[in-house]
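Let's take a walk through this protein, from its overall layout down to a few single residues. Have the model open and click along as you read.

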Amino acid sequence: MLRSLVRSRSCLSTLQASRRGVATLQSSLLTVETTADVKVKPELEGIAFGQNFSDHMLEVEWDQETGWGAPAIVPYHNLSLDPAASVLHYGLEVFEGMKAYKDAEGRVRMYRPDRNMRRMNNSAERLSLPQFDGAEWVECMKELLKVEESWVPELEGYSLYLRPTLISTHSFVGIAPPAKCLLYVICSPVGPYFAGGFNAVKLLATTEYTRAWPGGTGAAKCGGNYASGIKPQKEATALGYSQNLWLFRNDEGREEVTEVGSMNQFFLWKTKAGEKELITAPLDDGTILPGVTRESIIDLCRAKGITVTERKYYMDEIVEASDEGRIIESFGAGTACVVCPVREIHYNGQDIQIPLDPEDSEGQMGPLTKELFEEITDIHYGRSDSEWSVLVE
Ligand SMILES: *Cc1c(COP(=O)(O)O)cnc(C)c1O
């Protein structure tokens, strides 16, 4: 008894000592080195997604023994990696996608950055990568945005896309948690997802490939999930569809609707009992990426009194609802587009038509889809007051 007490005490003190030695991520240690060699900014109109990068980046190293180093804003630069770095072999990588917007007063705003940081830490945990204090990293990102202020577009619909990335830099060709990592953020000016106005999309419900499955990594924003989606996307494009509607065939052979491309999927329909309901897949088994846009839409719709149901739902229910004329609207949701209206889903040789609002001037989206787009973009650009919009100051 006494011995075990002694042992547990010494265990505890070792743990405390090691904790003391491992530094947390601290924004107060941030250093800034600016470049005199600034780039010529690209023409905004028609700008391609993710091909132009700003003058600076933010980075910080992590080491198993010492913890997080001092974060630094430095000129945008190539990385130097050992060819054995385990990010290159086993995809030990997670990332985020978020945007900074400029409001009418020229102030820069972020949208719910705490949510992206929480998700990035959950993704890191799933991939055995180190976790960090998200609020401290947001403070560092704000400093980066101050340095890159001139890169945040002023035009409506445009923004500065932020790509926080965490990679293993550990040179070890063994499958294990890394001992060294790099966390960094790069910035890219981007335009509206639908450059020429809204265009409702056609989806291919994909039965041949699976994006995610219970117990897998679908809920983590990790590079590997996207690499395997490129081939199905290419095939869908070749057949004239914009995106894959990802399904998961369960043990009973029913096909669950999970996500669309790299967005969460929603249907507004009438239930068999005739009740209007917004439905989306639940976050409970690790198949679905917990979108910040998804969460925002659920909250906004519940506040409007719309019934929102998060449950597993199946293609057979969509087919039946379509046959019975119960589908009202359908859209994908994500940072890239906010909402992306759906006009048609091809499934098992059948085309399921989704109604679009004939009242809408462009006839490309239903009324709820449009309302959500406007409400969320009003928050992005600071036109409506919301604690979801965080000023960079
Ligand atoms: C990033 C992503 C989303 C959308 O998340 P947001 O936070 O709303 O941008 C949805 N599904 C997948 C698979 C994603 O990668």
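What follows covers the domains, the spaces between and inside them, the nonpolar cores and three residues worth a click.

**Two domains**

Keep in mind that this is a predicted model. The domain assignment splits the protein chain into domain 1 (2-192) and domain 2 (201-380). Their centres, taken over C-alpha atoms, are 30 Å apart. How many residues of each domain are in contact with the other? On the domain 1 side there are 18, and they meet 20 residues of domain 2.

**The largest pocket**

Now for the open space. The largest pocket has a volume of about 960 Å³. Its lining runs to 37 residues, and Tyr226, Gly261, Ser262, Met263 and Ala336 are the closest to the pocket centre. Several elements each give two or more residues to this lining: the strands β8 (159-168), β11 (243-249), β13 (263-270) and β16 (327-334), along with the helices α5 (223-227), α6 (230-238) and α7 (292-303). Among the contributors, β11 gives the most, with three residues.

Which domain does the pocket lining come from? Both, as it turns out: domain 1 and domain 2 each supply at least three residues. As for chemistry, the lining of the largest pocket has 16 nonpolar, 15 polar and six charged residues.

**Closed spaces**

Besides that pocket, the structure holds two cavities of 30 Å³ or more. Here they are side by side, with the make-up of each lining.

| Cavity | Volume | Nonpolar lining residues | Polar lining residues | Charged lining residues |
|---|---|---|---|---|
| Largest cavity | about 120 Å³ | seven nonpolar | five polar | one charged |
| Second largest cavity | about 30 Å³ | three nonpolar | two polar | three charged |

The largest cavity is lined by 13 residues, and those nearest its centre are Tyr101, Tyr111, Thr293, Thr335 and His380. Two or more lining residues come from each of β6 (98-102), β7 (108-111), α7 and α9 (367-380). Strand β6 has the largest share, three residues. Like the pocket, this cavity takes lining from both sides: at least three residues from domain 1 and at least three from domain 2.

For the second largest cavity, you can select the whole lining in one go: Glu256, Thr258, Ala281, Pro282, Asp285, Thr287, Ile288 and Lys312.

**Nonpolar cores**

Next, the greasy parts. The largest nonpolar core has 50 residues, and the members that touch the most others are Leu245, Phe267, Leu278, Ile297, Met315, Ile318 and Ile345. Strand β17 (residues 338-347) gives the most to this core, with six residues. Apart from this core lies another one of 37 residues, including Leu92, Met98, Met110 and Met120.

Ile297 is a handy one to zoom in on. Setting aside neighbours within four places in sequence, Ile297 is in contact with Phe266, Leu278, Phe331, Ala333, Val339, Leu372 and Ile376.

**Three residues to click on**

Start with Ser188, which sits in strand β9 (residues 180-190). Is Ser188 buried or exposed? Its relative accessibility is 2%, so Ser188 counts as buried, given that the cut-off for buried is under 20%. Not counting residues up to four places away in sequence, Ser188 touches Gly50, Gln51, Asn52 and Phe53, and also Ser159, Leu160 and Tyr161.

The other two are about backbone angles. Most residues other than glycine have a negative phi. Ser128 has a positive phi of about 60°, although it is not a glycine. You'll find Ser128 in the loop between α3 (113-126) and α4 (134-147). With a relative accessible area of 41%, Ser128 is partly exposed.

Asn348 also has a positive phi without being a glycine, here near 50°. Where is Asn348 found? Look in the loop between β17 and β18 (350-353). Asn348 has a relative accessible area of 56%, so it counts as exposed, the cut-off for exposed being over 50%.

Notes: Residues numbered from 1 in each chain as written. Predicted model: local features only at pLDDT ≥ 70, side-chain atom pairs only at ≥ 80, totals over all residues. Heavy atoms only, no water. 1 Å grid on protein atoms, 1.4 Å probe; cavity = no way out; pocket = protein on both sides within 12 Å on 5 of 7 lines; lining within 4 Å. Points joined across faces, edges and corners; volume = space filled by probe spheres on them. Helix = DSSP H or I, 4+ residues; strand = E, 2+ residues; numbered from the N terminus. Nonpolar A, V, L, I, M, F, W, Y, C, P; charged D, E, K, R; others polar. Domains from an automatic or database assignment. Core = buried A, V, L, I, M, F, W, Y, C linked by side-chain atoms within 4.5 Å. Buried < 20%, exposed > 50% of the residue type's maximum accessible area, 1.4 Å probe, protein only. Contact = heavy atoms within 4.5 Å.
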